[in-house]
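Please look at the structure below with the sequence beside it, and follow the strands and helices in the order in which they are discussed.

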Amino acid sequence: MRLLEEKERYYLENEKKLASLSSNNLALTKENIVLKEFEKKAVELLSENQALAKENNALKEINILELEANAKLKRNMDSLEEENLQLRDAMSQYQSVTEGMDETIANLRQTILNKEGHIQLLLETEREYEREKRSRTYRMALAFRRISVFLLPVDSKRRFFCKLLAKAARHPIRMARMVNPRRIRNCFTILKTEGTGSASSHLRLVEEFERSGSVDGAMEKLDVTQVESGGEPSHALEDYAPLHFELPEDPLVTIVIPVYNQFDYTYHCLESILKHSGDISYEVLLADDCSTDLTRDIGKAISGIRIVRNQENLRFLLNCNNAAAQARGRYILFLNNDTQVQADWLRPLVELMEGDPTVGLTGSKLVYSDGHLQEAGGIFWNDASAWNYGHMQNPEDPEYNYVKEVDYISGASLMVRRSLWEEIGGFDQRYAPAYYEDPDLAFEVRRRGYRVVYQPLSVVVHFEGISNGTDVSAGQKAYQTVNQEKFYEKWKDVLEKEHFPNGEDVFLAKDRSRNKKHILVVDHYVPHYDKDAGGKCTYMYLLLFVRMGFKVTFIGDNFYKHEPYTTDLNQHGIEVLYGNYYFNNWKEWLADNLHYFDYVYLQRPHISIKYIDLVKRHGRAKVFYFAHDLHHIREYREYMLTHDEERLKSSERWKKIEHELFEKADVGHVVGSYEQGIMQEAFPGKPIRNIPLYIYEDMPTGVNKDFRERHDLLYVGGFGHPPNIDAVLWFGKEVFPKILERHPDMRWHVVGGKVPVEIQDMASDNVIIEGFLPDEGLHALYRECRMAVVPLRVGAGVKGKVVEAAYFQIPLVTTTIGAEGLDAGMGNMVVEDDADRMADIICGLYSDYDRLKEMSDAGIEFISEYFTEQEAERVLKLDL
């Protein structure tokens, strides 16, 4: 029973399990159906997703294509825009060229017409001359000339002395000043040794020398138009010739002219500007301060200027500030209307500003219409009183003719950078209506780190006192005293620190050089840097002293103002002493002023021996003696060559002088290691420095190193130096004929001034006697010739022509004397003394283009090693 019950219970349980399984199975079936539906939907979604992905990829490809197309279109647009700009530029250039050609054609047509007119005038003159030749007067004059030439032949001494007598009759006072025993002796010496032509040239120099010390000579140079008394015109406006100025769109200079009446002064001021300003781009800005005379209608007579008319009378200072606010130029130049500018007055002011960014303010030399100097820059003393430096002196005197720093520049002609003027804010209005605004501006310029510089080449005639009179107790002039007190209060600290008591140490005050080292350089005359090696060397060192910060004063022992060389030095800030006063009083000047100098640099034995004892007696300076070359060595070598006993005596005499100079000097300077060794052995305890003969900053560029394209030989040397004559004669006789046997087309260019007859007689198709050449012509030959020769047999010191050949990278053949004192092993030169071997070397090198290039390149290394500014400065600083 129990078994049945257990089976029944088992079956019941199994049935329940089956029912449960059946129920689960149904549920799983339903779930499976749902899953199948989901799977179906998933497949559908996947299919849709794949379709969307394909569409997306397609869209991406389309987008990429569109981007590429857009980029291509942009490139095409940019290219088209660039082509458009190029076309516009081309069209503009074409129009410019066309306009230029039209103008050129018009000018050429006018030139042709002018030439035709000149031809007609010449033909008429010729016809007149032919008629004159047939006249009785002409025949009588011709007969008289023949008689005079017979009695007084051309270039004869009789004719020379007759000219002297005629000059004495015309200018007895000047001739009396010119005549002295020394000049009479020199005259007869020159007549005997050089002939009447040279004597006439020396006479002309003496006349110029005497005239240079006269104010009359300065007055003759001025171009001054007389002005109506008081400046008020007595004529109608129609009586004045029209003036037409060009008004540029972008002027370099704005000339501000403040005016109040005085039409006649204003008109002639403008007339002088139009006449003398050259090709500098400028505009004129006329500041009319409510004038009541013809100035109101000045625009009817004068065109091309800008006129600023004030609504009320502002008076001088505010009138200037108001007008300057409308300036367009890079530089503002204030110019009084009671002035007349002189020839080429504007360019030196601009060039000073353009060439030196440290110059903030500059101004002109002011002179009176009678030729006397009004002012060469101003000096301020520590009590705020001032000097017009050089007042009523001769404006041609040397102390007024070099570029220098000054305390202030007169507002009568004053140029300032516009940017600096605007930074300062113009003239300080505390000085209104006038006076002390111009020195205040100079002090403001210096406070901002700029320099105030006087430019003597800019000359302006100033009719001082016309604007405001000269009485300081009345009118606008009365403000001069009041404003001095204001100026002192504003600048008291600067005045006490930087300025001297009134009238003291003018030597230092005149060019603000109290904080500079002073060096006095003495030579035989102003260096002719394009004529001889010694002059070029001196010139280079003078400029180096300036760059090193020295105040440089130069004495040429003949005290003559050689031009353009003197003005060149003056424009570099070097004071050159010249003229009759210094010629007669140089010893007194040295005694009075040597205590200001830190260094004295004496050159050449025949000059230095005159000065060294005075320099040592009156000065505290360290004394340098620069020999250039040792004369006693050169003279002894000439004796060895010629066996002339006079040369031996001369050598002994020079040796005594040169040894005395080296002994008395503190430092000796020579050029070349050879002469350094000789003098160092003679004076073992004294510094003997080997200084570079020449100083170069940059090497020439564009040198043609393809020597196939270059031809001929070159020699350079002035024939005032006898060793150069010997060198050319020897080479022309002993060497060059042998070269022509192998190179019959070769030419030899001989360059140098003062060519003697025996050198002139050498001229032929193959020997070209060039004579003196300016730098342009000489530099061209250095670049065109294939080789240079320096066949010196006598001489001393380093030869400038050898150094210069290396600088211009032209291969060189020279002698032992030519290479003396130099490093001949750097490859830029070949040294040979024998005539036959020298000819062989030149012929061998002449076609060896690779070797010539190597020698040319070696010249660069040679200069870089020994002849740079850095090397020269290094040697100088051993003792400075």
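Contact here means that heavy atoms lie within 4.5 Å, and an angle between two elements is taken between their N-to-C directions, from 0 to 180 degrees. In this predicted model, helix α18, made of residues 580-593, lies across β15 (518-523), β16 (551-556) and β17, and runs at about 135° to β16. Helix α19, residues 605-618, lies across β15 and β16 as well as β18 (599-603) and β19 (622-626), and its direction is at about 155° to that of β18.

The strands just named belong to an open sheet, in which 7 strands with parallel pairing follow the order β17-β16-β15-β18-β19-β20-β21. Its edges are formed by β17 (575-577) and β21 (688-690), each of which pairs on one side only, while neighbouring strands are turned against each other by 20° on average, direction ignored. Towards the β21 edge, strand β20, which covers residues 667-670, pairs with β21 in the parallel sense over 3 bridges, and Gly668 stands opposite Ile688 in β21.

Another part of the model brings two helices together: α26 (residues 800-807) and α28 (residues 849-866) pack at an angle of about 120°, and their axes are 7 Å apart. Because angles of 65 to 115 degrees count as roughly perpendicular and those over 145 as roughly antiparallel, α26 and α28 are described as oblique to each other. Where they touch, Val803, Ala806 and Tyr807 of α26 meet Gly859, Ile860, Phe862 and Ile863 of α28, so that by class the contact has 6 nonpolar residues, 1 polar residue and no charged ones.

Methods:
Residues are numbered from 1 along each chain as its sequence is written. This is a predicted model: local features need pLDDT of at least 70, side-chain atom pairs count only at pLDDT 80 or more; totals for chains, interfaces and linings use all residues. Side-chain values use heavy atoms; hydrogens and water are left out. Two strands pair if DSSP finds at least two bridges between them. Helices (H or I, at least four residues) and strands (E, at least two) are DSSP runs, numbered from the N terminus. Angles under 35 degrees count as roughly parallel, over 145 as roughly antiparallel, 65 to 115 as roughly perpendicular and the rest as oblique.
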